[in-house]
Amino acid sequence: MEKIQDFSKIKFRIKDQVYEGIVMPRTLYEDEDHITVKLSNGYNIGIEKSKIEILKIEPQKAQSEVIQEKEFESHGPKILIIGTGGTISSKIDYRTGAVKPAFTASQIVDMVPEIKSIASINVKTIMNELSENMQPSNWTLMAKEVHDAFESGYEGIVIAHGTDTMHYSASALSFAIENPKGPVVFVGSQRSSDRPSSDAATNLLGAVTFAAKSYSPGVYVAMHASLDDDIIAIHKGVKVRKNHTSRRDAFKSINARPFAFVDIKKQEIRFTENKQEVKGSMRLYEKFSERAALLKFYPGISDKYLLSIFNKDLFDAIIIEGTGLGHVSRKAFPYLKDYIRNEGFIGMTSQCIWGSVRLTVYETGRDLLSIGVTPLEDMLSEVALVKSMWALGNGFNLKEIMPKNLRGEISERREVQ
Amino acid sequence: MKVGFEIHIQVNSARKLFCNCNPKNEDISHLEFRRRLRVSSSELGEIDPAAAFEIKKGLDIIYVSGDKTSCLVEADEEPPHEPDPYSVEAAIKVSNMLNAFVVDEIHFMRKIVVDGSNTSGFQRTAIVGLNGNFDFRGKNVRIQTVCLEEDAARLQEKGEGHSKYELKRLGIPLLEITTEPLEISSEEARALAESLGRTLKLTGLFARGLGTIRQDVNVSLEGGGIVEVKGVQKLEQVSKVIDFEEKRHKMLFEIAAKLKERGVNEDSFEIDPIDVSEIFKSYANPTVKKFFKDSAMALKAPGFKGLLSYETVPDSRIGLDLADICRLFGFKGIIHSDEILKYGFGNDILNQIEDRLKVTDNDAYVLVFGDKEKAALCLQMVKERLKMAIKGPVAETRYATDKGTTRYLRPRPGASRMYPETDIPTIKITKEMKDKFKIEVKSWEKAVEDFSFRYSINKEMAEQILDSDFIDFFENAAESFPNVPPTLIASLIVQVFIPYQNVGKNIEYDEFIKLIELFSKGSIAKEAVIDLARYMLEKGLSLDNALKEMNIEKLSVDDLRKIIQEKISEVLQENIEPTKLYGTLMGRVMSVVRGKIEGKIVDEEVRKALESLKKD
């Protein structure tokens, strides 16, 4: 049987029963021996093509939902919402069930009408990437856009981003923009915005509220603080990590408390520490090098693997996620020594996630120090990787700049919590 | 009159449809979280006004999650797992049993539900079988669809500004079987629901007990809309509900005719709610103080004088529907002009309201006290409801009460907002599965016969137990206490449980298992079992307290013998005929020991005592 055009009206017979419906598109993962029919009661069913006797087909034009941009008035500080892709920027097509990108100002206002009275918003979509596809070149583009937006008078920026690598991007922009003129708030969603239970609306509301009302320059991530829908946590871009595959409170500040909380209902911001002051003028360092790598150490790591990673021809900097306080097996020492002798940079972080590395406690640590490994305190391994890519890209001396606290990526003290 | 059913029955699976929680587990701890559901404003139009209003004002939904009966999936914090294979199999078996066409691929859909009963904001549902049939009294009843879907969370409380739901029931697999509406009497409809329900129960695929089978009943009269009545749990309600709806529909046609006579048409409803707060502000009589806080809104009901309180069966009046609409918005109720005199506002106020609303001879009006904005929205919905009365009975969703009447729930939703559940891949149903997943239709008569034979109880009792929610209780008690005659357990169910359940009493299984255990140990007499059970349910007492209050204690055989000896000496002094000796003695002894010891033992001991007397 030849392919029936999607969205055709169809009337067919199976055995002695006649059915009517609309032929729906099939996904890539569904075979071609069946057709999907939407019955008049709204249900879809799948039927083997060979079973049906077609009585009538009326091809119809696929009516994609036309998104009409509506005019709206909004009041408050000038905020730019930048769309980059991901769950938060996509919408389901009710007819096909396909998730497609859609991120326009009027759609956002439609989803979160409260925004209109909080900020005067503009929306700009600069790319449409799932977060796993983000590259350092995307960070560069985002950094430039943010820089330009501040230069042109925006008071705050909100970046809608896929959640998987949102903390990498937040980290990248933290380093790329020195002394941003206002808040840059990354926001994502763990439940797609087509479902009534989506966290997209409240996260966005929290992000815009913080961007418009906090007067706290810096790069942040705004996501649910708990399973409740009313409190949004504002994390510092260099202290945050996605810690759960699906929960809406997946993002947690590590070795720090969230910088602030936004109470959605009361429209209040509660800070947990003093606001950051702008110390100098805004400057952009937008380049990133891909000659850095992240290695997670594990028992049984093979020599071949170590040899291929600690290769100065490929990488100029290696960030190690060591065990515990920052250790690797003695058997790796020769590769590390060689690499450092060839002027490679090795930074040590911990795979424990929480806590700081300390290379002076055990002999292994002291050996690593004498080899020339640089301990990176409580910097998250992902942040250390991004920072080294940034440092390499902009020609900084890694040995000097990596252990230095530039954007709050290293905490001097860790509170008892 | 046409009647159709949607039967919802819980699949007896050890897990939920989209996760591995077993709802039969006991929770150790509970956790609460707060959510809000949203739909974009462009979609609000698709939702009924009361629900849309709740969303707009940001109604808080509180969910209670038990640690063993729900997980991140029910909390909408984890994608659904693969659908429960047992439930899929059950759906195919039932579709086959009902001669339905089994689809080749199951596509789960999301049906938007925004009242909070689903954490996700939608219910997952799929068609498995289509176009089946069911043989009922020689009629071929068409089965439109067999759907596999997830049950909703149970509403625990609805307060001002929030609803609280418990997650245990959310996600339990349900089969929904929809019959084509049939021209049928209420009695036939009841029998059809019974017959279909029994056939389904006999498959052994479904859970048994209270709330495991629920039916929605659709009723329509020629020329009128289809009214869907939700939540009919008991079969006895089915015919009552249908009779009630038939009378109510006829009444609505009568009212429509009267409105037409009075010249009421669509144009008559070009009116808006009016703020009448000013009128109440200047009065301070007790009635005004009771109702009026800071705002009052009123709406004219054109041509409705006398029709708001008109009813042909109790609780069928339109006024009650209007009050229910207002309750959806969180108001306590409404006051309308057909009933306003009994409140005692004073003629002055009433005259002023009538003036403001420009009420003429045939008109009525409706008053709502409370938040102005909310009252205005609510009265808009009241207006829509009144406007519909021109046409007679219109499509709406109602719910069944215990009395067998129905109350207004919401307007009938338009074409359901349904879209594919993209988190669940389609399930292929192969020919092998279709051939393998078959189940025999068992005859009810045979099942009753088998049951009655297995437990040596009469057929009448067997049937009543099989039809009841207590079959698990029966089997459990009969297996656990083999020395207890099954007829006693059966009597307990038939004579006590069923009648008390019918008047709305909750039967706590564990307490009654203890009662049977007590009997099995010989601590109480057979007669006491039924009496105690009645007493417990009547007074709402635990077994221990009922025992105390009824002054029941165990009598030892030694004590019994003493009592028998006392009574023998009494009787002997009275010169009673020897043939009547046993009867008299037995009567005297029983009057003292009834309920405290097994009657069989009393009989034995009395006979023994008389034997030894003869020997003497």
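## Two chains, their contact and the sheets of chain B

Of the 417 residues in chain A, 47% are buried (20 or more other C-beta atoms within 10 Å of a residue's own; exposed means 12 or fewer, partly exposed in between; C-beta atoms are placed from the backbone). This is a predicted model: local features need pLDDT of at least 70, side-chain atom pairs count only at pLDDT 80 or more, and totals for chains, interfaces and linings use all residues. Residues are numbered from 1 along each chain as its sequence is written, while chains are lettered from A and ligands numbered from 1 in the order in which they are written.

**Chain A.** Chain A has nine helices and 23 strands. These are DSSP runs, numbered from the N terminus: helices are H or I with at least four residues, strands E with at least two. Along the principal axes, the C-alpha atoms of chain A fill a box of roughly 85 × 55 × 35 Å. Take the contacts in chain A between residues at least 6 apart in sequence: 72% of them join residues at least 24 apart. Two residues count as in contact if their C-beta atoms, placed from the backbone, lie within 7 Å.

**Where the chains meet.** Chain B gives 38 residues to the contact and chain A gives 33 residues. On the chain B side, the elements giving two or more residues are strand S2 (30-35), helix H1 (41-44), strand S6 (109-112), strand S7 (122-136) and strand S21 (418-420). That side divides into 18 nonpolar, 11 polar and nine charged residues. Here Ala, Val, Leu, Ile, Met, Phe, Trp, Tyr, Cys and Pro count as nonpolar, Asp, Glu, Lys and Arg as charged, and the others, Gly among them, as polar.

Strands also pair across the two chains. Pairing requires at least two DSSP bridges between two strands. The table lists this pair and three within chain B.

| Strands | Sense | Bridges | A partner pair |
|---|---|---|---|
| S4 (44-48) of chain A, S5 (105-106) of chain B | antiparallel | two | A:Gly46, B:Glu105 |
| S14 (227-232), S19 of chain B | parallel | four | B:Val227, B:Glu396 |
| S19, S20 (406-411) of chain B | antiparallel | five | B:Glu396, B:Pro411 |
| S2, S3 (60-66) of chain B | antiparallel | six | B:Arg35, B:Ile61 |

**Strand S19 of chain B.** In a regular strand the side chains alternate between the two faces of the sheet. S19 (396-400) of chain B shows this alternation. B:Glu396, B:Arg398 and B:Ala400 point to one face and are buried. B:Thr397 and B:Tyr399 point to the other and are not. B:Glu396 has B:Val227 as a bridge partner and stands opposite B:Pro411 in S20. The hairpin of S19 and S20 has five residues between the strands, and B:Gly404 in this hairpin takes a positive phi near 95°.

**An open sheet in chain B.** Four strands line up in the order S2-S3-S10-S9, with mixed pairing. S2 and S9 (154-159) stand at the edges with a single partner strand each, so one side of each has no neighbour in the sheet. From one strand to the next, the twist averages 20° (axes are lines fitted to C-alpha atoms, for helices over the stretch in contact; angles run from 0 to 180 degrees between N-to-C directions).

**Domains of chain B.** An automatic or database domain assignment supplies the bounds. Chain B is divided into domain 1 (2-226 + 415-420), domain 2 (260-393), domain 3 (444-549) and domain 4 (557-615). The centres of domain 1 and domain 3, taken over C-alpha atoms, are 31 Å apart. Each of these two domains gives five residues to their contact. On the domain 1 side, two residues are nonpolar, one is polar and two are charged.
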